[in-house]
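Good morning, everyone. Let's look at one protein chain together. Please have the sequence and the model open.

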Amino acid sequence: MIYSLIMMFGQHFALKDFGCLHYFFGVEASWIMDGNLHLSQTKYITDLLQRTTMLSLKLQPMPMISSSCLTQDGSTAVLDASLYKSIVGSLQYILLTRPKLAYSVNSVSIHA
């Protein structure tokens, strides 16, 4: 049934069938035995950590305390604002597979 649908679309649109989905726009896809699709961004996150030189930092069990407030007082200014915005954008993309990080990402995106 899926093959016939692809053929039908192929008659009207230029397309290629690459088979089963494995990796697409930074999202890894794998089929689990029960037929569910598991999405992960492990490589995308690892690449982001390497780009920001944060790969060797200590892991934390909770991304951010909800009662904390980010301010400019007591911190240094960001040297490269475009890099900061790029990192925040990457963090927003990670929310596709890590929705628990939404509060933390929203908190840092306010300052972008």
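I'll start with the overall layout and then go through some residues.

First, a caution: this is a predicted model. Keep that in mind throughout.

What elements does the chain have? There are four helices and three strands in the protein chain. Follow the sequence and the order is α-β-β-β-α-α-α. So much for the order.

Now for the surface. The chain has 112 residues, and 16% of them count as buried. The exposed area is about 9,500 Å². Carbon and sulfur atoms supply 65% of that area.

And contacts along the chain? Take the contacts between residues at least 6 apart in sequence. Of these, 49% join residues at least 24 apart.

On to the aromatic rings. A pair of aromatic rings is described by two things, the distance of the centres and the angle of the planes. How many aromatic pairs are there here? The count comes to three. I'll show you two of them, starting with Phe9 and Phe13. Their ring centres are 6.2 Å apart. The planes meet at 45 degrees. Tilted means an angle that is neither under 30 nor over 60 degrees, so this pair is tilted.

Are these two rings buried or exposed? Phe9 is partly exposed, because its relative accessible area is 39%, between the limits of 20% and 50%. Phe13 has 52%, which is over 50%, so Phe13 is exposed.

The next pair is Phe24 with Phe25. The distance is 4.4 Å, centre to centre. The angle between the planes is 65 degrees, and the pair is edge-to-face.

Stay on Phe25 for a moment. Where does Phe25 lie? Phe25 is in the loop between strand S1, residues 23-24, and strand S2, residues 27-31. Its relative accessibility is 63%, so Phe25 counts as exposed. Its backbone deserves a look too. Phi of Phe25 is near 50 degrees, a positive value in a residue other than glycine.

Thr53 has a positive phi as well, near 50 degrees, and Thr53 is not a glycine either. Find Thr53 in the loop between H2 and helix H3, residues 81-94. At 69% relative accessibility, Thr53 is exposed.

Back to Phe24 and Phe25, please. Which residues make a nonpolar surface patch with them? They are Leu21, Trp31, Leu37 and Leu39. The patch covers about 670 Å².

Two leucines from that patch are worth placing. Leu39 sits in strand S3, residues 37-40. With a relative accessible area of 43%, Leu39 is partly exposed. Leu21 lies in the loop between helix H1, residues 2-12, and S1. Its relative accessibility is 39%, and Leu21 is also partly exposed.

What does Leu21 touch? Set aside its neighbours within four places in sequence, and Leu21 is in contact with Ala29 and Trp31. Leu21 and Trp31 are ten residues apart in sequence. In space they are 9.1 Å apart, C-alpha to C-alpha.

Next, charges. Side chains of opposite charge can pair when their charged atoms come close. How many salt bridges does the structure hold? One. The partners are Asp47 and Lys43, and their closest N and O atoms are 2.9 Å apart. Both residues lie in helix H2, residues 42-51. They are four residues apart, about one turn of the helix. Asp47 is partly exposed at 34%. Lys43 is partly exposed at 43%.

Last stop, helix H4. H4 spans residues 102-109, and Ser107 is found there. Is Ser107 buried or exposed? Its relative accessibility is 11%, and the cut-off for buried is under 20%, so Ser107 is buried. A polar atom of the Ser107 side chain lies 2.9 Å from the backbone oxygen of Tyr103.

Ser107 has company. The buried residues of H4 are Ser104, Val105, Ser107 and Ser109. Which helix do they pack against? H3.

Let me close with three places to find on your screens. Find the patch that includes Phe24 and Leu39. Find the salt bridge between Asp47 and Lys43. Then find the buried residues of H4, packed against H3. Thank you.

Methods: Residues are numbered from 1 along each chain as its sequence is written. This is a predicted model: local features need pLDDT of at least 70, side-chain atom pairs count only at pLDDT 80 or more; totals for chains, interfaces and linings use all residues. Side-chain values use heavy atoms; hydrogens and water are left out. Buried means under 20% relative accessible area, exposed over 50%, partly exposed in between (1.4 Å probe, protein chains only). Contact means heavy atoms within 4.5 Å. Accessible areas come from the Shrake-Rupley method with a 1.4 Å probe; for residues, only the protein chains shown count as cover. Rings of Phe, Tyr and Trp (its six-membered ring) pair if their centres lie within 6.5 Å; planes under 30 degrees apart count as stacked, over 60 as edge-to-face and the rest as tilted. A polar contact is a pair of N or O atoms within 3.5 Å; within protein, one must be able to donate a hydrogen and the other to accept it, and residues adjacent in sequence count only if both atoms are side-chain atoms. Patches are made of residues with over 30% relative accessible area and no salt bridge: like charges are joined within 9 Å, nonpolar side chains (Val, Leu, Ile, Met, Phe, Trp, Tyr) within 5 Å. A salt bridge is a side-chain nitrogen of Lys or Arg within 4 Å of a carboxyl oxygen of Asp or Glu.
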